Amino acid sequence: MNGAYGPPGVSGAAGRTADDTAGDVTVLSEAGHTLVLLHGDVDVRVTDDLEHAGRYAIDSGRPTLMDVRHVAMIDSVGISFVVRLAAGLRNVGLQLILRGPCPRVAELLTLMGADQLVQWVNPAPAVPEVSVMTPHIEEHIDEHIGEYDYDRSRLGADDVAGSGS
Amino acid sequence: MLADDALARGPAAGRWAVQQAWEVTAVADAVRVRAAISEMVAATTAAPDGLFFAAAGARAETAAGELLLNAVHHGAAPVRATLSRGEAAWLIEVTDAAADHRPTVPAVPTGPEGNLTTPGGLGLRLALRVSDSVGWYPTEGGKTVWARVGDRAPARLTELLTHQNG
């Protein structure tokens, strides 16, 4: 093998550290549904937060909306979380609704053969078919979700069911 | 569905020139190397409009991240990674010291049983999806797992995503 090995860690990732890019996982208990907000790099570094969010969403037994608009990177841990949560909700008669667009997430779900497990609102352009909404779900989302633009100041502390790093 | 035999056995065919090499000791290192590989590939490979994973940088980032994560979680130190350039393609190689842990490709989890997040559980499957090919071979005292990422996305990837696009 050629090439000079640097010190443990890095060469070529100037200006960024692994901790800088770690994502956030937030779970909010909203009226009639659970809202999961994903932000930044959704990968192995937020495994515990994803597990917490998934268990909360399953245990709540309510429709779950997952906002993936601000996902910068997602790895197999993150995609596995989405797939398992969608499957878990489906098994109790519920559906995971993804708030997009996020082409990276949409394409990965398709590549994994799991795109049929979820529905999209404001769908990713690359996969418009999965956006088809049943009227009652669309009405529900319009009524309760509105625009969450990650303005944390809008979220009361009592509403936060869990938060990530 | 993919099977274990979807993994090629033996080194990647072709001639490859190592561009950079890293040692990886922890998840944080794997994340940094993943980002570095993504940047290096993206900086020298045109990213076409359209599908997100049409861009070689995106495919390299995902493939490298999964190979690195598997090595850190399931392999043995030392873990080393290289990025090499070949004919219209990049080669990501990750070597670790665990000779007895054969790379496997698990099924996609579609049930609620077990942990909601299984680190690395789908890593190789994901790498296979975004790469031209993925393979492995034993080395002295360990093994090397590699992913070949073409400048252009593999036809099966674009066909699948385009088909979904209607």
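How many cavities of 30 Å³ or more does the count come to? Three, by the rule used here. We'll get to the largest of them, but let's walk through the chains on the way. Keep in mind that this is a predicted model.

**Stop 1: chain A**

Select chain A and colour it by secondary structure. You should find five helices and six strands. Going along the sequence, they come in the order α-β-β-α-β-α-β-α-β-α-β. Chain A has 165 residues, and 55% of them are buried. Switch on the surface if you like: about 6,700 Å² of chain A is accessible, with carbon and sulfur atoms holding 49% of that. For contacts between residues at least 6 apart in sequence, 65% link residues at least 24 apart.

Now zoom in on G100(A) and P101(A). The peptide bond between them is cis, and its omega is near 10°. To find your bearings, look for the loop between β4 (96–99) and α4 (103–111) of chain A, where P101(A) sits.

**Stop 2: chain B**

Hide chain A for a moment and select chain B. Here you get four helices and six strands, and the order along the sequence is β-β-α-α-β-β-α-β-β-α. Of its 166 residues, 52% are buried. The exposed area of chain B is about 6,900 Å², and 52% of that comes from carbon and sulfur atoms. As for contacts in chain B with a separation of 6 or more, 67% are between residues 24 or more positions apart.

**Stop 3: helix α2 of chain B**

Select residues 56–74 of chain B, which make up helix α2. Is this helix mostly covered or mostly exposed? Mostly covered: 16 of the 19 residues in α2(B) are buried. Try your distance tool on the C-alpha atoms at its two ends. They lie 26 Å apart, which agrees with the 27 Å that 19 residues should span at 1.5 Å a residue.

**Stop 4: two loops of chain B**

Carry on past the helix into the loop between α2 and β3 (79–86) of chain B, and pick out P78(B). The peptide bond joining A77(B) to P78(B) is cis, with omega about 0°.

Next, move on to the loop between β3 and β4 (89–96) of chain B and click on A88(B). What is the phi of A88(B) near? It is near 55°, a positive value in a residue that isn't glycine. A88(B) has a relative accessibility of 42%, so it counts as partly exposed, the range for that class running from 20% to 50%.

**Stop 5: the largest cavity**

Bring chain A back and finish inside. Rolling a probe the size of a water molecule over the atoms shows where empty space is left. The largest cavity has a volume of about 50 Å³. To see its lining, select V44(A) and D75(A), then V27(B), A30(B), V31(B), R34(B), G65(B), E66(B) and L69(B). Two elements give two or more residues to that lining, namely α1 (27–44) and α2 of chain B. Which element supplies the largest share? That is α1(B), with four residues.

Look along α1(B) while you're there. Residues three or four places apart in an α-helix point the same way, because there are 3.6 residues a turn.

Last, colour the lining by residue type: you'll get five nonpolar residues, one polar and three charged.

Technical notes. Residues numbered from 1 in each chain as written. Chains lettered and ligands numbered in written order. Predicted model: local features only at pLDDT ≥ 70, side-chain atom pairs only at ≥ 80, totals over all residues. Heavy atoms only, no water. Buried < 20%, exposed > 50% of the residue type's maximum accessible area, 1.4 Å probe, protein only. Contact = heavy atoms within 4.5 Å. Areas by Shrake-Rupley, 256 points an atom, 1.4 Å probe, with all protein chains shown as cover. Expected span 1.5 Å × (residues − 1). 1 Å grid on protein atoms, 1.4 Å probe; cavity = no way out; pocket = protein on both sides within 12 Å on 5 of 7 lines; lining within 4 Å. Points joined across faces, edges and corners; volume = space filled by probe spheres on them. Nonpolar A, V, L, I, M, F, W, Y, C, P; charged D, E, K, R; others polar.
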